[in-house]
Each structure stands twice: as C-alpha cells, then as structure tokens.
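Here's a quick briefing to help you find your way around. Have a look at the sequence and the 3D view first, then read on.

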Amino acid sequence: MAAAPQQNKIVRWIDHRLPIFTFMQHELNEYPTPRNLSYWWNFGSLSGIMLVIMIVTGVFLAMQYTPNVNMAFDSVERIMRDVNFGWLLRYLHMNGASFFFIVVYVHLFRGLYYGSYKEPRELLWMLGVVILLLMMATAFMGYVLPWGQMSFWGAKVITSLFSAIPVVGDSIVRWLWGGFSVDNPTLNRFFSLHYLLPFVIVGVVVLHLVALHQHGSNNPLGIDRKGPQDSIPFHPYYTVKDMFGLGVFLIIYAAFVFYMPNALGDPQNYVQANPMQTPLEIVPEWYFLPFYAILRSVPDILFIPAKLAGVLCLFGAIGVLFFLPWLDTSRVRSARFRPVYKWVFWLLVIDVAVLGYCGAHRPEGWFILAGRLSTLYYFVHFIILFPVIGWLERPLPLPTSIAAAVTRKGGAPLGAASPMEKH
Amino acid sequence: MADAAQPKPMDAHTHDSGTRRDFLQIAATSLAGIGAAIAVWPLIDSMNAAKDTLALSTTEVDLAPVQMGQRLTVKWRGSPVFVDHRTADEIKAADAVDLGSLRDPQTDAQRVQKPEWLIVVGVCTHLGCVPLGQKPTDPRGAYGGWFCPCHGSQYDTSGRIRQGPAPLNLAVPPYQFTTATTVKIG
C-alpha cells in the first residue's frame, strides 16, 4: 500500500517532516502477523469498517434530522419519503447498528474462545470492553432520536434504572432528563451525545490498535510467534483476506438494507411517542435482550431490593469482563488445547442465547425460572468456572511453533508466496 | 519529584531541601485541580431542569364532570396523573387492608385529602411505565387499582403496591382543592 519512503522525492520530503509513510510501511507492510489467522480474525477490521459506515451515514442523517419532540418523528419520516436517498441513509444506519453489534459480538466471542485477553493483551481486551460500553450508550441514545413509542419508553425505562441508586437516585434521573420526565431536553442531549460518542469510540479504537500492534494478533493456536517462519506481513496477505470477508459481509448487510430493512426493528417505533401511554410490551433492540433479561430476572438478594439488584447485575454483566484476564487461571490461551474449556465455552454461547430469548418475552411462567437460571449461570461461568477450570484442567501439549503446526514441513519455505522466507 | 527517581533512600537532607518545592508543587496542582473541578459544575448544572421547565409545574383540574367510579388522566410535568373518583366500595377496600401486609405501608387516609378523590402520579415506581386501569376496559389487576403491563406490578384502590417488582406506592403529588370541584396539582 505505502510506497517505500525513499522511492519518490515528494514522498521523501513529506516523510522527513511528517513520518506518515514510514508509519504505514511499518504498521502495514512490515507488521508481522501470524500466518495461521482464520476467518474469525476478520471481525476486528469489520467492526472498524462498520464504525466508519455508521459515522458517515450518521453525519448525513444529522443534516436532515430535527431534535425536537414536536418535529423529530416527522423529520425522520421526511428523511424516509422526501430526502434524496434518505431511505438508504436511514436503513444503512438503522441496520448498521445491528450489524455493528453482530460483528463486535463475534469478535468478542472469538477473543473468549482463543484466550485473546490473556497476558500480554489484558489492556487490549479491557479497551475493547470500554468500546463495547460506549457502543451500547451510543446505540441506546441513537434509538431514542426517531421519537417513536419504543424510543420514548425505552429511554424512560433505562434512565429510570438510575433511580434504583439509594439516596441520590431520583436527583440523578432528573438530571439525566433535564426535567420531570423524558422530554425535549432529554432528546436534545441524547442527540448531542449520540453525535459525540462515536468520535470518543474512534479515540479508544486508536488505543485498541496501538495495544494490538504492541504484541500483534493472537492466533488460533494461541502460542507466540517465535520467528519469521511463523508470520507473514499484514499487507497484502491479510488486507486481501479482510477485503474478501468484507465482500461476503456486505452482501448479507445489503440483503437486510434492501430487502428486509425493518426485520430487526420494532414496528411500535413507527408510532409517534406518547408520554401518556405505555405500549403493551417494552422490548429493546435484539442486541440488548440478554442484558434486559438479566435486569428483569434478578429477585431480591438479601437486603438489596430486586430493582437495585437487577441494575447492579446488568452493569456487573459487562463489568465482569474487565476482570477476565485475572479470573482465567489457565496459562494456555487457545481453547483448542483446553479439553474442558473447549466445551464450557459453548455453554456460555447457549446461555447468552437463552438470556436473549427470555429478554424478548414477558417474565411470566417458565420465563421467570429460565431467566433466573441463565442469569445465575452467566455469573457462575465467569466468576467460578473460569478460575476452577484453569486449575483443574490438564491442557493438551502445545505445538512447538506456529509454522510447525500449520505446514507439512514445519516452516520450510512455502514458495514465492512468502517473500520473508527467501533468506 | 527528582528526589523520588534517585535510587538511594530519601535521607534527611534531600527531604529537607525538597520540602519547599514540594509544597509549592502540591499547592499549585491542588489549586488547579480544585479550579478545574469547580469549572465543571456549570456544565453539569446546565443539564438540570431549566427555569422554564420548572415554571410549568402546576396543573389545574376541573373535577365537576368526573362521575363516581370514573377515572381521569391529566398531564402534570410531562407525566400522567391519575384522578380517581372512588366508589364507597373502593374506599372501604382500601381502608380494610392490613398495614403489615404492605410493602410500602401507608394508610389510605395518609394518601388522600378527600376520601372520594384519589390523586396519584401515574408512573409505575419500578421503571416508569404508565400502569393500565384508567379506561373501563383496562385490566386493573387483582386488587382493583392499576396493573403495570411492563413488569406486572399491581396496585390497589389506594394506589399502593401489592404485588410485582415495584418498590413503592404510586406517588401522591402535592395538590390542594382551590374550590370544592377544582384541584391544583403541583
């Protein structure tokens, strides 16, 4: 991608003053990447691309949107009907939120399976959790902007969570609202913050990438690179692999945008917000359902009332991820060499799916029990199973090197395709 | 600060010579820190309810057309307020409840000025939904008051929480009867 700095006079002049070409050469052309990355490693760059798509479509939507309780709903309908390509911008943005969460969740579970959060990548992982939190806040506030029924009542319920905090709870909620209920001041500040936070995310993503490039990518074997035979340059090998994955991803994304743009949304949100009437069922967007289930499932715990306990568990469900690098006592990164964890990992996947299913239904009948048990398992998985499995499990022997494991000859030259191994 | 970087332990001499500068550094940094913290306050306070929002905080309601057994919803500070012209049976039911069985114990008398008029904020104390029960066709729950569809909280004919996740009774707003049939809420 980047020309070698010495090739061109102008490039050389610029690079001497602003070493941008050296930087690109170093971080793309020379950046050594494990040779065995699977397609699960595409989801990091996909997340980055989704962030760009969301910011670009969002900036143009903001040119047409009016953040006022009397005009917001109509301005969104105007975007849909009158603005040139407004429907496309909005459907890209609306479905983009869902697809952003899909790729980020896959990226996160990839990290969980292959132990990408372990030494020396703890901060890389924690920055990722910070990005997830910021994404959730951004998505929540963005969903309020069209000022539909689900926008309004979702905002009301989620901001009311803070009233569970003892003593200062009500003051905090009034402060968040800027009044006595979710109203125009609330909509205005949500618009402001919804525009701001994506750029904060960009900042944290830069830190995430700096941390990534410090030790490089983890890989499906979870063992460190030991020499040049274990790695290939990022460009062109992984740029082309990322581009291919992007093509496949965009086909699916486009299928939703063009053929079923409302499949992932709630029809209630095409009814204008009415502060005097709650819809029969308040359901968040699908990507929040597991967390919503946790919020609703928790009963009174000792002296903590159910409402506060639910809120604490909701935040705890994300908070526990920060401690993962220390909760996992196993030194082996990849689940491929962990005969017990390999299976337990899938229990978490099933558990989150069950939570999501419970979150989509009213807490009645067996949903109450299923919600409580799956909430309990979520925390048991991280707080108890992670350390205990690490102690008790006997990992399989690790390969001596990446090259030894993935090539027949154990790192002998692959041919002209690997320039680094010509010497 | 330079002292701290030296490998040898801090002895009396370096400690003494550092004191003046350390004091200045700590004092200056603290002052800057306090100043920055104070400067944040106007930003935070700007997000609190503005004066015009606060000014809209009373609502007058004409009770004359509300028949016995009828419920009326009015808007006060952006939220619904339930006005219930209670029947004698409903008042009797509200009075007969054993206080020990309540999650948020309050007698019916503590919650009304005139027993036939129950006035409560129509916002579920769980997570802020508007409970059902204002229309004759709405479900009113097992206690004849209101039923919150979001998470199943049930309130009685005094607006007290009886079942479900809500922690408190429906709030009673400040109000006064300006005439026999007019009430000012707020």
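**A salt bridge to start with**

Let's begin with one pair of side chains: A:Asp328 and A:Lys118 come together in a salt bridge, with 3.1 Å from N to O. Keep in mind that what you're looking at is a predicted model. From here we'll go through the domains of chain A, then the contact between the chains, then chain B by itself.

**How chain A is put together**

- Chain A splits into two parts: domain 1 covers 35-223 + 231-263, and domain 2 covers 281-408.
- Measure between C-alpha centres, and domain 1 of chain A sits 22 Å from domain 2 of chain A.

**Where the two domains of chain A meet**

- On the domain 1 side of chain A, 45 residues are in contact, and they touch 46 residues of domain 2 of chain A.
- Together these two domains of chain A bury about 4000 Å², and carbon and sulfur atoms account for 74% of that.
- How many salt bridges does the rule find across the interface of domain 1 of chain A and domain 2 of chain A? The count there is 1.
- Polar contacts between domain 1 of chain A and domain 2 of chain A come to 13 residue pairs, with both residues at pLDDT 80 or more.
- Looking at which elements give two or more residues to the domain 1 side of this chain A interface, you'll find helix H5 (86-113), helix H6 (122-144) and helix H7 (149-160) of chain A.
- H6(A) gives the most to that side, with 11 residues.
- Sorted by class, the side of domain 1 of chain A that touches domain 2 of chain A has 31 nonpolar, 9 polar and 5 charged residues.

**Where chain B touches chain A**

- The contact between the chains draws on 27 residues from chain B and 24 residues from chain A.
- About 2200 Å² is buried between chain B and chain A, with 64% of it coming from carbon and sulfur atoms.
- Which residues of chain B lose the most area to chain A? They are B:Met47, B:Arg77 and B:Leu127, and together they make up 29% of what the chain B side buries.
- The rule finds 0 salt bridges across the interface of chain B and chain A.
- It does find 3 residue pairs in polar contact across the interface of chain B and chain A, both residues being at pLDDT 80 or more.
- Helix H3 (51-55), strand S2 (71-76) and strand S3 (79-85) of chain B are the elements that give two or more residues to the side of chain B that touches chain A.
- S2(B) supplies the largest share of that side, at 3 residues.
- By class, the side of chain B that touches chain A breaks down into 15 nonpolar, 9 polar and 3 charged residues.

**Chain B: domains and strands**

- Chain B is also divided in two, with domain 1 at 12-46 and domain 2 at 54-185.
- The C-alpha centres of domain 1 of chain B and domain 2 of chain B are 53 Å apart.
- Strand S1 (residues 59-62) of chain B runs antiparallel to strand S9 (residues 182-185) of chain B, and 4 bridges join them.
- To spot one of those places, look for B:Asp62, whose bridge partner in S9(B) is B:Thr182.
- S9(B) also pairs with strand S8 (residues 175-179) of chain B, in the antiparallel sense and over 4 bridges.
- Here B:Tyr175 is the residue opposite B:Ile185 in S9(B).
- S8(B) and S9(B) make a hairpin, with 2 residues between them.

Note on methods:
Residues are numbered from 1 along each chain as its sequence is written. Chains are lettered from A and ligands numbered from 1 in the order in which they are written. This is a predicted model: local features need pLDDT of at least 70, side-chain atom pairs count only at pLDDT 80 or more; totals for chains, interfaces and linings use all residues. Side-chain values use heavy atoms; hydrogens and water are left out. Contact means heavy atoms within 4.5 Å. Buried area is the accessible area (1.4 Å probe) that two parts lose on being put together, summed over both. A salt bridge is a side-chain nitrogen of Lys or Arg within 4 Å of a carboxyl oxygen of Asp or Glu. A polar contact is a pair of N or O atoms within 3.5 Å; within protein, one must be able to donate a hydrogen and the other to accept it, and residues adjacent in sequence count only if both atoms are side-chain atoms. Ala, Val, Leu, Ile, Met, Phe, Trp, Tyr, Cys and Pro count as nonpolar, Asp, Glu, Lys and Arg as charged, and the others, Gly among them, as polar. Two strands pair if DSSP finds at least two bridges between them. Domain bounds come from an automatic or database domain assignment.
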